[in-house]
Amino acid sequence: MKYFAKERISNFNIHYDLYSLDYFLDCTQKLGLKNVELLSGGKGLYFDYKGFSDPKPVRRKLEQRGLSCRVISPHNCDYQYQFAAKDEVLRERSYEFFANGMRFGAELGAKVMQANSGWGFWNEDQEEAMKRSAEMHQRLCELGDQLDVTIACETLRPQESKLAWNLEGLKKLFDMVDHPRFKVMVDITAMAVAGETVQQWFDTFGTENIIHTHFQDCDPYGHRVWGDGNQNLNDLLKAFKDNQYEGLFSQELTVRDYYADPYHHDKRNITVLDQYFY
Amino acid sequence: MPSIKRNQIAAMNIHWKLYPFEDFLKTQQQLGVKTIEFWATAPHFLVDEYGYQENYREVRKMIEEQYGLKVGAFTPECACFPYQIASWDKGLWERSIEYYKNGLECASLFGAKIEQITCCGGAWDQEPEYAFERAVEALRILGPAAADNGVTLTVETVRPEESNVVTTLPELKRLLKAVDHPNVKAAVDTCAMGVANETLEEWFDCLGSDIRHMHFIDGRPYGHLIWGEGLHPLDDYIETLNRNHYEGYLGQELTVVDYWFDPAQTDRKNMQAFAPYIKD
């Protein structure tokens, strides 16, 4: 059974960390894909809290290969910057970093910026940390209005944050931010770790508010190539189809063993996905 | 019995990222630690290509006066951040040099004599030699800056999963020779060393007194583990340090995610492993 058009699959450069941007884009083109999500802020896709590099060469590289960047994903787990930073200087820099990420993404044609709740210190009042996260997202939403970019907020694993690591936490943040530019996205790994189903997500947020996915296999941990985990691909896709999901299926692959030869693992992955995408 | 001095053990805050910096300091004081290797990044201390946290004086005061600790080595984050001296991206390469220069200034401001660095950023679809040259060129610029600050820049090897250059002892030797600056020296990382099938003996035989710093942790050989959780014989390792008259720091770079949630307990267990060897 084929559920969605192949162009709904989006490649993600996260496991191409050891390779140049050109190599990632060439491989994506060879895989017959049309969309990319770009993890950015670092090499080849630089921005920071003071500004951003010229997006024109990147736009040209995309156009030359018939690719679109519909989702921008500023580093939000491993760089200095995060959405719920406590220190005031760090908070302002984080805002500027993500704001520049949004601007950089808009220049590339992205309509979505991928995000999460961020995290507080493990031993602080989590209500305070949640408030900081909501305020940060409200500010970014205002910029999103100007740039026509919408935030897609995913859940994190409980080892990463005590804020939005499950549906309950994300719904709380969603209600606190309360802005039409603030939407959510399913990360299959975080969802599986929290023991949730796709249907629960659609029941909680509605189709109109789920605008993106990180759609990879897992067991339930790990961000794996389809086949390397234990999720039911058919059932997951059927659930998205039944709920009239309109976003992309971004392949967020983070197993370190993939990094040395990401294209090899992408080919394995797409071979499996091709059975379900037309 | 092989022995180390208490102040050689340099506790690191790398697995304390979910807790405030002061909690880290408090625990080290309780554990009788005297030295820290300051892992400098958010949320503990901000440094980037533009500068560093303005309240560094207060931070140093807190470290030294409130908790009786000393910064032995200053280590700006160099694995996760967009600062890599072997990078193919020219802009990033230039920003990395500014970043590490600021790190050298910070090291000096905190009274540290060591800044720790890696050679990452080479692209797998390009010739490793190109990345090697980028690293050499960067270190030739950073060497004099290190001298100006009275700091030695120590380069460690990394695992082959992290970089396509300087992952082995012979490569590091070749790098240091190419850079040829008295303020650019070597650091042992026992994880990278183990992964490369090298021994501590071989490192001392090859580099001798050019070894100025260490990330001295247990491993299998992968992992940056507390002593006792890996496969390395601590007794033999310390004996090797003694035989080679190594008096530098033993940075405790502990990176297992499970350590993040109760870092104090992690450090306590680790210090227990060192306890029999500490001779003040």
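**Figure 1. Asn197(B) in the loop between α6 and α7 of chain B.** In this predicted model, Asn197(B) is placed in the loop that joins α6 (190–195) to α7 (200–207) of chain B. Phi of Asn197(B) is near 60°, a positive value in a residue other than glycine. Most residues other than glycine have a negative phi. Asn197(B) counts as exposed because it has 9 C-beta neighbours inside 10 Å, and the class of exposed residues ends at 12.

**Figure 2. Val166(B) in the loop between β5 and α5 of chain B.** Val166(B) has a positive phi of about 50° although it is not a glycine. The loop that holds Val166(B) runs between β5 (152–156) and α5 (169–179) of chain B. Is Val166(B) buried or exposed? Val166(B) counts as buried, because 28 C-beta neighbours lie inside 10 Å and the threshold for a buried residue is 20 or more.

**Figure 3. The peptide bond from Ala42(B) to Pro43(B).** This bond is cis, with omega near 0°. Pro43(B) belongs to the loop between β2 and α2 of chain B. Most peptide bonds are trans.

**Figure 4. The peptide bond between Asp219(A) and Pro220(A).** In chain A, a cis peptide bond joins Asp219(A) and Pro220(A), and omega is about -5°. Pro220(A) lies in the loop between β7 (210–214) and α8 (233–242) of chain A.

**Figure 5. Strand β2 of chain B and its side chains.** Strand β2(B) spans residues 35–40 and is mostly covered, with six of its six residues buried. In a regular strand the side chains alternate between the two faces of the sheet. Which residues of β2(B) point one way, and which the other way? Thr35(B), Glu37(B) and Trp39(B) point one way, while Ile36(B), Phe38(B) and Ala40(B) point the other way. All of these residues are buried.

**Figure 6. The neighbours of β2(B) in the sheet, β1(B) and β3(B).** Strands of a sheet pair through backbone hydrogen bonds, either parallel or antiparallel. Strand β1 (residues 9–12) of chain B pairs with β2(B) in the parallel sense over three bridges, and Ala10(B) stands opposite Thr35(B). Strand β3 (residues 70–76) of chain B also pairs with β2(B) in the parallel sense, over six bridges. Here the bridge partner of Glu37(B) is Ala73(B) in β3(B).

**Figure 7. Helical connections on either side of β2(B).** Helix α1 (residues 21–30) of chain B forms a right-handed β-α-β unit with β1(B) and β2(B). A further right-handed β-α-β unit consists of β2(B), helix α2 (residues 56–66) of chain B and β3(B).

**Figure 8. Ala264(B) and Lys26(B).** Ala264(B) is a residue of helix α9 (residues 263–274) of chain B. How many residues separate Ala264(B) and Lys26(B) in sequence? They are 238 residues apart in sequence, yet 9.5 Å apart in space, C-alpha to C-alpha. Ala264(B) counts as partly exposed because it has 16 C-beta neighbours inside 10 Å, a count between the limits of 12 and 20.

**Figure 9. The barrel of chain A.** Eight strands of chain A close into a barrel in the order β1-β2-β3-β4-β5-β6-β7-β8, with parallel pairing. The twist averages 30° from one strand to the next. Strand β1 (residues 9–12) of chain A pairs with strand β8 (residues 249–251) of chain A in the parallel sense over three bridges. Ser10(A) has Ser250(A) in β8(A) as its bridge partner.

**Figure 10. Helix α4 of chain A against two strands.** Helix α4 (residues 126–147) of chain A lies across β5 (150–153) and β6 (182–187) of chain A. The helix runs at about 140° to β5(A). The chain that contains these elements, chain A, has nine helices and eight strands.

**Figure 11. Packing within chain A.** Of the 278 residues in chain A, 53% are buried. Residues 24 or more positions apart account for 80% of the contacts with a separation of 6 or more. Chain A has a radius of gyration of 18 Å, which agrees with the value near 19 Å for a compact globule of 278 residues. Along the principal axes, the C-alpha atoms of chain A fill a box of roughly 45 × 40 × 35 Å.

**Figure 12. The contact between chain A and chain B.** Here 26 residues of chain A are in contact with 23 residues of chain B. On the side of chain A that touches chain B, the residues divide into 12 nonpolar, eight polar and six charged.

Terms used: Residues numbered from 1 in each chain as written. Chains lettered and ligands numbered in written order. Predicted model: local features only at pLDDT ≥ 70, side-chain atom pairs only at ≥ 80, totals over all residues. Helix = DSSP H or I, 4+ residues; strand = E, 2+ residues; numbered from the N terminus. Pairing = 2+ DSSP bridges. Right-handed = clockwise from strand over helix to strand, strands pointing away. Axes fitted to C-alpha atoms, helices over the stretch in contact; angles between N-to-C directions. Contact = placed C-beta atoms within 7 Å. Rg over C-alpha atoms; globule rule 2.2 N^0.38 Å. Nonpolar A, V, L, I, M, F, W, Y, C, P; charged D, E, K, R; others polar.
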